[in-house]
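Reader: Can we go through this one together? I have a few short questions.

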Number of protein chains: 2
Amino acid sequence: MTSLSPYDTMTPVARAAYRAQAAAADIAPLPRAVKDDVLLAVADALEVRTAEIVEANAKDVARAREAGTGESVIDRLTLTPERMRAIAADVRDVVALPDPVGEVVRGSTLPNGIDLRQVRVPLGVVGIIYEARPNVTVDAAALCLKSGNAVLLRGSSSARDSNAALVRVVRDAVGGAGLPADAVQLVPGEGREPVRELMRARGMVDVLIPRGGASLIRTVVEGSTVPVIETGTGNCHVYVDARTDLSMAVDILVNSKASRPSVCNSAETLLVHQDVADAFLPLALDALADAGVTVHGDERVLAHAEKSRATVVPATAEDWETEYLSYDIAAAVVDSLDSAVSHIRLWSSGHTEAIVTTSQAAARRFTQLVDSTTVAVNASTRFTDGGQFGFGAEIGISTQKLHARGPMGLPELTSTKYIVTGDGHTR
Amino acid sequence: MTSLSPYDTMTPVARAAYRAQAAAADIAPLPRAVKDDVLLAVADALEVRTAEIVEANAKDVARAREAGTGESVIDRLTLTPERMRAIAADVRDVVALPDPVGEVVRGSTLPNGIDLRQVRVPLGVVGIIYEARPNVTVDAAALCLKSGNAVLLRGSSSARDSNAALVRVVRDAVGGAGLPADAVQLVPGEGREPVRELMRARGMVDVLIPRGGASLIRTVVEGSTVPVIETGTGNCHVYVDARTDLSMAVDILVNSKASRPSVCNSAETLLVHQDVADAFLPLALDALADAGVTVHGDERVLAHAEKSRATVVPATAEDWETEYLSYDIAAAVVDSLDSAVSHIRLWSSGHTEAIVTTSQAAARRFTQLVDSTTVAVNASTRFTDGGQFGFGAEIGISTQKLHARGPMGLPELTSTKYIVTGDGHTR
């Protein structure tokens, strides 16, 4: 009889985290060229083995259809050879991004002659809990590998066959390149217990990033001892200032609301300065009507309803805090820019707020006072996006203030360490 | 009968957080000059009202003596006119530090012509839970004010009269300068319940920073939904490499261990490469003996005990993970640099590890592989300190990887926001 090692007595989730830690230690010091070569191998493998992945995906899609899942969700779940080419192209885009690891963030020689450098290092083990879309599996793996991290992936059960196939292909490519395949793992096990265990794996997992609906994110935030980066809820506002370009304001409003209502950077509330309400609202309500948007208006907005083509229903307090993610928008007339700011401070999820104004003073005050990840001046809320910001693929949009805020790219997947170099220095 | 506002129905802790949020919104946009003037007024008031503060402190000290508290704790609790001058001087040092708020961290013009800027902004409401030393009260308030944050302070009950007096003086000075006094508040209420409430005040408190013993920190980390920055536990290592300057290694070892054993950046474990053990250990054991240090050695260290003046007791597994904070050190001989790294990865709290070596290759490998907030090459572990690093006073030393790692100065008390400026841009 031999005695059990700690590994033997661990749960499957703890073992996965343990192996991820070991893999993370191996890949952390790798130079960029090695990591880029692996990512190119991953991209190639995703294309070469497309048939295998699409076949696995077909099982998920069939299960979803049987369960009566809506077509828009099924569409997001579905992988085709064309989509696989796009996913592989995304991985190659990550190859083109600079490697954040090793960057000297600060550096100086201290008065006593010590050289102090603060350098970027990988976080270590990143846990990602996400819903539906299987392309997230590959995006997350590619971003974590590039930034020298190991990743533990927990997708939704509705995509389990797709995710298993994708991760198998990625791991084969990583292992084939001589790197530890355990740098990319699915969290093992069914149901909620493995997720709960992951959430309590402080010391083994360095950060958890939940991506998905509000209830998933709330569960992870409230139950984790592992540090969490909260992502995604977007109750975004468009504020039309007293001094504004009416046609620009209509364009930005419609684009912010209706270009893709299901995403977190779409607008959910319109606020209009009272001085411009009579001029703006008739144009805005008709434009929203033409875009198929239902307006949930306060009394002063409702007063304009009859003269427009729009469907305007009375707003309740609930409307101000709702992230519709649909062709609906709440709308109110406010007395001043400061009233708009107060409304936003009270109700916004702190994602993105836009002002449309011709006044430099108003733009300055709005950007100073609004406390959200992104403040847009004369631009659509839809620009809050890692790709739009030039960060490449994004691992999520942080709506908290700690560590990362707004779209998260590669640098947000790193920490730092200080290197203190002396020649026998003591205190 | 009038209806109750939400404020009226809040608990005292929630009210404090609510008022802190309002104060935070007021002070966030203040320019540096206004904040510096307030801090100078605070420093002056601390000196002018020293008698009042020392008198309150005397009550805490008397209570501590009655409770049979040890002299070293009583010493740290005690405020004297001289210490008050030092505390006021610390506040003036914060005045001299650059204001992190408004710094443009990144900026570029996107291909579509949008101007993108990422600027530093205050975190908002910072909660600090700390033990014993009342000077932390003033340090924390000064650093938070300078960085545009409101602060909720929760000191230990043993310093409650001192903290109440200090905060009264600070608030009077802040209010006297026309700023909201609620930017600096003590968390109201007695016992643990107010702390528990603070820990669950996500959305009202932006970050919690626990400073103190391991059990306090664990409680906050495990029970909080508010994002936490873990601080301070330091199981720091000194590794003496095969190629080394023996006399430098002895100096660094003794300084790291014995210059101030009670602090988190003091060394707790010595690791010696086997090739240098016979030459180094006799010198090291005698030097540690002369500094009054007891050595908890592995077998190969014990083998050198007889020939030295040192007290060497056998080490158990527990010694490798112990933060003694006393004149004790664990010591082991390791087969290689990589063995030292493995030992450190297994047992270290990730605070600070030092290598003493003449080999450039060893220094490079050690700094690459060791995953701690600070890696020191030929320098004492004691340099991991905000003051030593030139950051001014520090709000703590983060031992986690998220948001901040190592000594935290003013920039670590900020977040960022993106400003997107277009001229009607839509997607």
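Author: What follows covers one helix pair and one chain interface in a predicted model.
Author: Residues are numbered from 1 along each chain as its sequence is written, and chains are lettered from A and ligands numbered from 1 in the order in which they are written. Local features need pLDDT of at least 70, side-chain atom pairs count only at pLDDT 80 or more, totals for chains, interfaces and linings use all residues, and side-chain values use heavy atoms, with hydrogens and water left out.

Reader: At what angle do α10(A) and α11(A) pack?
Author: About 40°, with axes 10 Å apart; α10 spans residues 246–258 of chain A and α11 residues 274–290 of chain A. Therefore α10(A) is oblique to α11(A) (neither under 35 degrees, over 145, nor 65 to 115).

Reader: Left-handed or right-handed crossing?
Author: The crossing of α10(A) and α11(A) is right-handed.

Reader: Which residues meet there?
Author: From α10(A), they include A:Leu246, A:Val250 and A:Lys257; from α11(A), they include A:Phe280 and A:Leu283. Contact means heavy atoms within 4.5 Å. By class, the contact of α10(A) with α11(A) has twelve nonpolar, no polar and one charged residues.

Reader: Switching to the interface: how much area is buried between chain A and chain B?
Author: About 5,700 Å², 55% of it from carbon and sulfur atoms (accessible area, 1.4 Å probe, lost on putting the two parts together, summed over both). In chain A, A:Leu402, A:Tyr418 and A:Arg427 lose the most area to chain B, together 15% of what that side buries.

Reader: How many salt bridges across the interface?
Author: Six by the rule, which takes a side-chain nitrogen of Lys or Arg within 4 Å of a carboxyl oxygen of Asp or Glu. A:Lys401 forms a salt bridge with B:Asp206, with the closest N and O atoms 3.5 Å apart.

Notes: Axes are lines fitted to C-alpha atoms, for helices over the stretch in contact, and angles run from 0 to 180 degrees between N-to-C directions. Helices (H or I, at least four residues) and strands (E, at least two) are DSSP runs, numbered from the N terminus. A crossing is left-handed if the near helix is turned anticlockwise from the far one by less than a right angle, and right-handed if clockwise. Ala, Val, Leu, Ile, Met, Phe, Trp, Tyr, Cys and Pro count as nonpolar, Asp, Glu, Lys and Arg as charged, and the others, Gly among them, as polar.
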